[in-house]
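Biologist: I'd like to learn how to read a structure like this one, feature by feature. Could you walk me through it?

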Amino acid sequence: MKQAENELLTRVGKGTPAGELLRRYWHPVCVSGELTDENPLKRVLILGENLVVFRMPLKEGETKHRYGLVAEQCSHRSASLAYGRVEEDGIRCPYHGWMYGADGTCLETPPEPPDWAYKNEIQHAGYPVEKLGGLLWTYMGPKPVPLLPRWDCFAREDGKRVIYVESIMDCNWLQPMENSVDPSHLYWLHGYRYGSGHLVDPVQLEKRQAQYLEKHEFIPYEYGIMKRRITPHGTDEHPLIFPCTLRHVSGERGKANPLYRHNLQVRVPMDDTHTRVYRVNFIPMDGVRSPADADAPWELRPLKFEEGENGRELPMDIPMTKYDTSIVGAQDSMCWETQGAITDRTKEHLGHADKGIVMLRKLLREQIEIVQKGGEPMGIIRDPSKNKILDIPVINERIGLVRQAAE
Ligand code: FES
Ligand SMILES: [Fe+2]
């Protein structure tokens, strides 16, 4: 790959080719439960833009909170709205009290006369916010705003939803997405017990022999790339939902088994070299309901030992000690970060096992071009009748999840 193409595929800022493509999709802003009456706002970084998300207090008669998302720097003289005050109809700057509505409309400029017409010319950036599956989402692209896709783990209500927020990864978003079409790393990266001497796990070692009996297929479908592993023990599928999500299913199947979970991993491009991963698990359970528009239980899942934390003396120049490699997700993260902040794809040597990665890059290039020519990229949903619950018929025969006959 030429360096120019690496730049083209990875950069996320406004006006960059991939940045403009990524702005055609909804991205998570934060977990909805993070915003409370006591802590009604949060500073966030999405697609290279510093923003403040906030939850307005309920007005009389309201049962649902309204949310706003606006540029962090005040349009008056750039003080941070992350230190602002959330009021009934918006957020007020801490410096001179300018007030912005949920969509960035400048509502008040208190030190100025009330009829100051210049106020109406101020265009403070603001983006729509919707709540679904325990997350707040935003869309930062051109209007008309498409529908927020109601993927099953976000929209299903017949069970329990739990969200894990992982440590921020110091790397570009495309590295985790390429990992999602890279089944050949499974027995290698996840087949060690890391720690003293990096022990080989005997069970994994046995499985690793089996990889040569496996076949991997990558099948383009309406929403991305279906990654299929055909093994002697059964077939499983983990679809990539273009551009930033991986669908997963794991655990033993059975009623109320908390280990059996459907899972969507959403990777948020924060800027060119930082990525936030949200894992939304959905465990089907009889008699348990989780409304799609309610807050969901969530926890932070640190994958890395930060310097000075956890009482560890860290030789930070030895990467293996930086990650909590007892967690599978941390093993992946270790590889994404050590590939480099934006991995240098001019230095790669791709082989047969990398054909999913080649397919993803081709798809990304094609979708960038569609947007550049003024078209609509794949997977944009505008028809509400298609968006009741978006279900991908994944299979995982090894845990007894087989494809249902079409209804
Ligand atoms: S800088 Fe925000 S009101 Fe002056
Ligand atoms: Fe992995």
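Modeller: Gladly. Let's begin with a strand pair: 6 bridges join strand S17 (residues 245–250) to S18, and the two run antiparallel. Keep in mind that this is a predicted model.

Biologist: Which residue of S18 is the bridge partner of His248?

Modeller: His248 is partnered with Asn263 in S18. On to the next pairing: S18 and strand S19 (residues 274–284) are antiparallel as well, with 9 bridges between them. There, His262 stands opposite Phe282 of S19. A hairpin of 2 residues makes the connection from S18 to S19.

Biologist: Is strand S18 mostly buried or exposed?

Modeller: A residue is called buried when its relative accessible area is under 20%. In strand S18 (residues 261–271), 10 of the 11 residues are buried, so the strand is largely enclosed by the rest of the structure.

Biologist: Could we look at one residue in this region? What does Leu246 touch?

Modeller: Leu246 sits in strand S17. Beyond residues up to four places away in sequence, Leu246 touches Ser180, Lys227, His238, Pro239, Asn263, Leu264, Gln265 and Arg267. Its relative accessibility is 5%, so Leu246 counts as buried. Sequence separation can mislead here: Leu246 and Val266 are 20 residues apart along the chain, while 6.6 Å separates their C-alpha atoms.

Biologist: Now the core. Which residues touch the most other members of the largest nonpolar core?

Modeller: Phe154 and Phe242 do, in a core of 66 residues. Helix H8 (residues 355–372) gives the largest share, 6 residues. Domain 1 (37–131) and domain 2 (152–399) each supply at least three residues to this core.

Biologist: And what surrounds Phe154?

Modeller: Leaving out neighbours within four places in sequence, Phe154 is in contact with Leu132, Gly133, Leu135, Trp137, Pro149, Arg161, Leu264, Val266, Val280 and Ala292. Apart from the core of Phe154 there is another one, of 16 residues, which includes Leu41, Phe54, Cys74 and Ile91.

Biologist: Cysteines always catch my eye. How many disulfides are there?

Modeller: A disulfide is a covalent bond between the sulfur atoms of two cysteines. Here the count is 0 disulfides. As for individual cysteines, Cys74 has 4% relative accessibility and counts as buried, and Cys93 is buried with a relative accessible area of 4%.

Biologist: How do I read the order of strands in a sheet?

Modeller: Follow the partners across the sheet. One open sheet has 3 strands in the order S1-S10-S9, with antiparallel pairing. Strand S1 (26–31) and strand S9 (129–132) are at the edges with a single partner strand each, so one side of each has no neighbour in the sheet. From one strand to the next, the twist averages 35°. S1 pairs with strand S10 (residues 135–139) over 5 bridges, and Val31 has Leu135 as its bridge partner in S10.

Biologist: Which strands stand at the edges of the open sheet of 4 strands?

Modeller: That antiparallel sheet has the order S5-S6-S7-S8. Strand S5 (85–87) and strand S8 (106–108) are its edges; each has a single partner strand, so one side of each is left open in the sheet. Within this sheet, 2 bridges join strand S6 (residues 90–92) to strand S7 (residues 99–100), and Arg92 is opposite Met99.

Biologist: What about backbone oddities?

Modeller: Most residues other than glycine have a negative phi, and most peptide bonds are trans. Two cis bonds are worth finding. The bond from Lys143 to Pro144 is cis, with omega near 5°, and Pro144 is in the loop between S10 and helix H3 (152–155). Another cis bond joins Phe242 and Pro243, with omega about 0°; Pro243 lies in the loop between strand S16 (234–241) and S17.

Biologist: Where is Leu47, and is Leu47 buried or exposed?

Modeller: Leu47 lies in the loop between strand S2 (41–46) and strand S3 (49–56). Its phi is positive, near 50°, and at 0% relative accessibility Leu47 counts as buried. Ser78 also has a positive phi, near 70°, but Ser78 is partly exposed, with a relative accessible area of 43%.

Methods:
Residues numbered from 1 in each chain as written. Chains lettered and ligands numbered in written order. Predicted model: local features only at pLDDT ≥ 70, side-chain atom pairs only at ≥ 80, totals over all residues. Heavy atoms only, no water. Core = buried A, V, L, I, M, F, W, Y, C linked by side-chain atoms within 4.5 Å. Buried < 20%, exposed > 50% of the residue type's maximum accessible area, 1.4 Å probe, protein only. Domains from an automatic or database assignment. Contact = heavy atoms within 4.5 Å. Pairing = 2+ DSSP bridges. Axes fitted to C-alpha atoms, helices over the stretch in contact; angles between N-to-C directions. Disulfide = S-S within 2.5 Å.
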